[in-house]
Amino acid sequence: MVLELYLDLYSQPCRSVYIFAKKNNIPFEFKQLSLSEGQHYSEEFGKINPLRKVPAMKDGDYQLAESIAILLYLCRKFKTPDHWYPSDLQKQAKVDEYLSWQHAAIRAPASKIFWFKLMMPVITGNTTPQAKMDSTLEELNTSLQLFEENFLQDKNFIVGQEISLADIVAIVELMQPLGSGLDIFEGRPKLTAWRERVKANIGKELFDEVHELILNAGDLPKKMEQSVMLPHLKTRLQKMLN
């Protein structure tokens with residue numbers, strides 16, 4: 001049976017799985033879900049992933065959730081080139097180090113910026129308090145500085161001279177704020193140069209394809225006005241503000 005990947009490309013982790021599978025010519029059936037329409041709460045999807053999250057994977061009778069777990073599964077099953085998740089113990093540990101750090105340090109503030117700038121007015125009818133926006137931007141800026149100084153340093157990629165899973169996971173998260181109109185690459189030549197190397201390595205066509213939705217996310221708030229997810233999202237945003 002063909003591998004099935006359940007994805008919504010507005011989602012950063014979904015984009016990382018999509019990029020990796022496409023780049024490595026892994027055959028899969030793209031099962032497109034819409035988070036904004038609440039399709040992940042359907043009874044059918046609940047049988048695929050009881051956690052009700054994307055990405056999700058179905059490989060015959062085997063099912064798996066969580067993007068990092070899926071990426072590592074694909075690496076191992078399809079024996080992808082070693083640079084993605086190196087067999088060298090220390091290089092592999094450096095990939096693990098970034099993947100462990102990024103959840104709270106990059107994903108959390110970058111996601112909040114997207115929600116605060118673009119989605120808050122539609123979902124709640126209010127703008128994000130300036131103090132909250134400022135503190136989130138400060139948190140993201142601090143993490144970007146750490147990313148440049150401690151992870152990139154003077155290397156082409158996070159784990160040296162070749163691209164790895166760490167770079168794919170990083171780029172999809174750092175592209176997310178662009179969808180809200182905030183260009184976090186502006187004024188950061190080292191970060192911008194790294195992005196261009198990642199883009200060239202992935203391939204411009206694939207990179208542009210996978211980011212098309214998020215870079216045109218200005219249409220998303222309108223789609224959300226009648227969404228069944230609005231009550232849930234209001235609660236989620238309220239938690240972000242606390």
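Which residues does the UniProt annotation "domain: GST C-terminal" cover? Keep that in mind while you get your bearings; we'll select them in a moment. One thing before you start clicking: this is a predicted model.

**Whole chain first**

Show everything as a cartoon and colour by secondary structure. You should find 10 helices and 4 strands. If you trace the chain along the sequence, the pattern reads β-α-β-α-β-β-α-α-α-α-α-α-α-α. The radius of gyration is 18 Å, close to the 18 Å that the globule rule gives for 242 residues, so the protein is as compact as a globular protein of that length. Along the principal axes, the C-alpha atoms fill a box of roughly 50 × 45 × 30 Å.

Now switch on contacts, if your viewer does that. Of the contacts between residues at least 6 apart in sequence, 70% join residues at least 24 apart.

**Surface and charge**

Turn on the surface. About 12,000 Å² is exposed, and carbon and sulfur atoms supply 49% of that. As for what is hidden, buried residues make up 51% of the 242 residues. Next, colour the charged side chains: there are 29 positive and 31 negative ones, and the centres of the two sets lie 2 Å apart.

**Select 88-220**

Back to the opening question: the "domain: GST C-terminal" annotation, from an unreviewed UniProt entry, covers residues 88-220. Over this stretch the chain is 73% helix and 0% strand. Pick the C-alpha atoms at its two ends and you'll get a distance of 43 Å.

**Zoom in on the loop between H2 and E3**

Helix H2 spans 43-48 and strand E3 spans 56-59, and Pro55 sits in the loop between them. Show the backbone as sticks here. Is the peptide bond from Val54 to Pro55 cis or trans? The bond is cis, with omega near 5 degrees.

Stay in that loop and select Arg52, which lies there too. Arg52 isn't a glycine, yet its phi is positive, at about 65 degrees. With 26% relative accessibility, Arg52 counts as partly exposed.

**Last stop: Gln153**

Where is Gln153? Look in the loop between helix H5 (130-152) and helix H6 (165-175). Gln153 is another non-glycine residue with a positive phi, here about 50 degrees. Its relative accessible area is 39%, and it is partly exposed because that value falls between the 20% and 50% cut-offs.

Key:
Residues are numbered from 1 along each chain as its sequence is written. This is a predicted model: local features need pLDDT of at least 70, side-chain atom pairs count only at pLDDT 80 or more; totals for chains, interfaces and linings use all residues. Side-chain values use heavy atoms; hydrogens and water are left out. Buried means under 20% relative accessible area, exposed over 50%, partly exposed in between (1.4 Å probe, protein chains only). UniProt positions are given in the numbering used here, feature names are shortened, and annotations may be inferred rather than shown by experiment. The radius of gyration is taken over C-alpha atoms; the globule rule is 2.2 Å times the number of residues to the power 0.38. Contact means heavy atoms within 4.5 Å. Accessible areas come from the Shrake-Rupley method with a 1.4 Å probe; for residues, only the protein chains shown count as cover. Lys and Arg count as positive and Asp and Glu as negative; His and the chain ends are not counted. The place of a charge is taken as NZ of Lys, CZ of Arg, CG of Asp or CD of Glu.
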